[in-house]
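Please look over the sequence and the model below before reading on. The text then goes from the overall fold to single residues.

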Amino acid sequence: MGAALTVGAVLPLAADEDAQLVVNGEIEMVTRAEAPPHVDGIREVISGWVFRSDETQALQMDDFDNPGMIFVDQARDMFGTVIGSEDKSCASCHENPEALRGVRAVYPKWDQAAGEVQTLEMQVNECLTQQMGADPLGYTSGDMTNMVALISSVSRGMPVDVAVDGPAQSTWEMGEELYYTRTGQLELSCASCHEQNYGNMIRADHLSQGHINGFPTYRLKNAKLNAVHARFKGCVRDTRAETFAPGSPEFVALELYLASRGNGLSVEGPSVRN
């Protein structure tokens with residue numbers, strides 16, 4: 001099996017097993033669900049929120065306390081700002097962010113016109129360049145991550161429902177292979193932590209199942225909103241392996257696979273994590 005993963009003793013989940021995530025007293029979140037049929041390694045999918053301390057959980061339960069919502073507000077301003085050669089804003093086509101409710105829940109998804117699986121970041125840049133005549137945003141830039149957080153926020157509470165069949169299947173299979181392949185000097189895979197050792201402690205961190213339904217996520221560790229591909233880079237770095245670039249085919253495939261593992265959980269972004 002290669003190098004062993006050093007973890008602490010098995011501990012109970014950080015939160016009360018009956019704890020419920022309700023945002024602003026009205027948006028009810030599903031934080032536990034039966035594993036989708038295409039997931040073999042676990043019987044139940046559990047949101048990363050469940051593995052956090054009571055204090056961290058509470059931050060996500062009220063938008064006034066959630067520091068990620070500051071960046072959502074910044075994106076709302078950008079949504080209505082006219083840019084590019086076509087003198088358009090996002091609102092020129094979509095009226096308001098709420099018109100995009102449901103979008104986050106189905107991404108990444110197959111794009112027939114592009115002939116590939118596209119992430120939400122790719123779709124945002126396609127709108128900027130092809131519809132607005134504007135420059136693309138950096139894949140994990142602040143403005144891009146803020147906009148994805150805004151689009152996620154209006155879908156909170158909706159179930160993740162990412163398609164894994166049809167033309168997206170080969171990309172999904174690539175992501176599955178990446179998830180289970182051991183890499184780096186430590187010979188670890190994504191599954192080493194998030195499937196085989198979730199619930200355990202690794203240093204001071206309580207390992208979750210690694211679902212991405214809460215991205216973008218505000219991490220208390222670095223006090224900013226984090227994009228999912230930036231988190232992928234950090235995880236690969238921690239295995240002491242050579243990483244892929246944000247937006248690369250490899251990370252797009254991994255995102256599709258990971259998103260599909262969380263089918264049935266609620267969209268939570270922007271969430272709050274350690």
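What follows describes the overall build, then the nonpolar cores, and then some single backbone positions.

The model is a predicted one. Its secondary structure consists of nine helices and 11 strands. The radius of gyration is 18 Å, close to the 19 Å that the globule rule gives for 274 residues, so the protein is as compact as a globular protein of that length. Along the principal axes, the C-alpha atoms fill a box of roughly 60 × 40 × 35 Å.

Burial and contacts add to this picture. Of the 274 residues, 49% count as buried. Among contacts with a separation of 6 or more, 69% are made by residues 24 or more positions apart. The accessible surface comes to about 13,100 Å², and carbon and sulfur atoms account for 50% of that area. As for charge, the protein carries 20 positive and 38 negative charges, and the mean positions of these two sets are 6 Å apart.

Which residues touch the most other members of the largest nonpolar core? They are Tyr-179, Ile-212, Phe-232, Leu-254, Leu-256 and Leu-258, out of 24 residues in that core. Three helices each supply at least two residues of this core: helix 6 (169-180), helix 8 (228-238) and helix 9 (249-261). The largest share, seven residues, comes from helix 9. Leu-254 shows how the packing looks from one position. Leaving aside residues up to four places away in sequence, Leu-254 touches Gly-175, Leu-178, Tyr-179, Cys-190 and Phe-232. A second core is separate from this one and has 21 residues, including Met-69, Val-72, Cys-90 and Met-147.

The loops hold several positions that can be inspected one at a time. Asn-197 is in the loop between helix 7 (190-194) and strand 7 (201-202). Is Asn-197 buried or exposed? Its relative accessibility is 15%, and because buried means under 20%, Asn-197 counts as buried. Along the chain, Asn-197 and Leu-265 are 68 residues apart, and their C-alpha atoms are separated by 20 Å.

The backbone also has some less common geometry. Most residues other than glycine have a negative phi, and most peptide bonds are trans. Two peptide bonds that precede a proline can be set against this background. The bond that joins Tyr-107 and Pro-108 is cis, with omega about 0 degrees. Pro-108 lies in the loop between helix 3 (90-94) and strand 5 (109-111). The bond from Gly-269 to Pro-270 is cis as well, and its omega is near 0 degrees. Pro-270 is placed in the loop between helix 9 and strand 11 (271-273).

Positive phi values in residues other than glycine are the other point to check. Glu-187 has a phi near 50 degrees, and its place is in the loop between helix 6 and helix 7. With a relative accessible area of 37%, Glu-187 is partly exposed. Ala-223 has a positive phi of about 55 degrees and lies in the loop between strand 9 (217-219) and strand 10 (224-226). How much of Ala-223 is accessible? The relative accessible area of Ala-223 is 47%, so this residue is partly exposed.

Terms used:
Residues are numbered from 1 along each chain as its sequence is written. This is a predicted model: local features need pLDDT of at least 70, side-chain atom pairs count only at pLDDT 80 or more; totals for chains, interfaces and linings use all residues. Side-chain values use heavy atoms; hydrogens and water are left out. Helices (H or I, at least four residues) and strands (E, at least two) are DSSP runs, numbered from the N terminus. The radius of gyration is taken over C-alpha atoms; the globule rule is 2.2 Å times the number of residues to the power 0.38. Buried means under 20% relative accessible area, exposed over 50%, partly exposed in between (1.4 Å probe, protein chains only). Contact means heavy atoms within 4.5 Å. Accessible areas come from the Shrake-Rupley method with a 1.4 Å probe; for residues, only the protein chains shown count as cover. Lys and Arg count as positive and Asp and Glu as negative; His and the chain ends are not counted. The place of a charge is taken as NZ of Lys, CZ of Arg, CG of Asp or CD of Glu. A nonpolar core is a set of buried Ala, Val, Leu, Ile, Met, Phe, Trp, Tyr and Cys residues joined through side-chain atoms within 4.5 Å.
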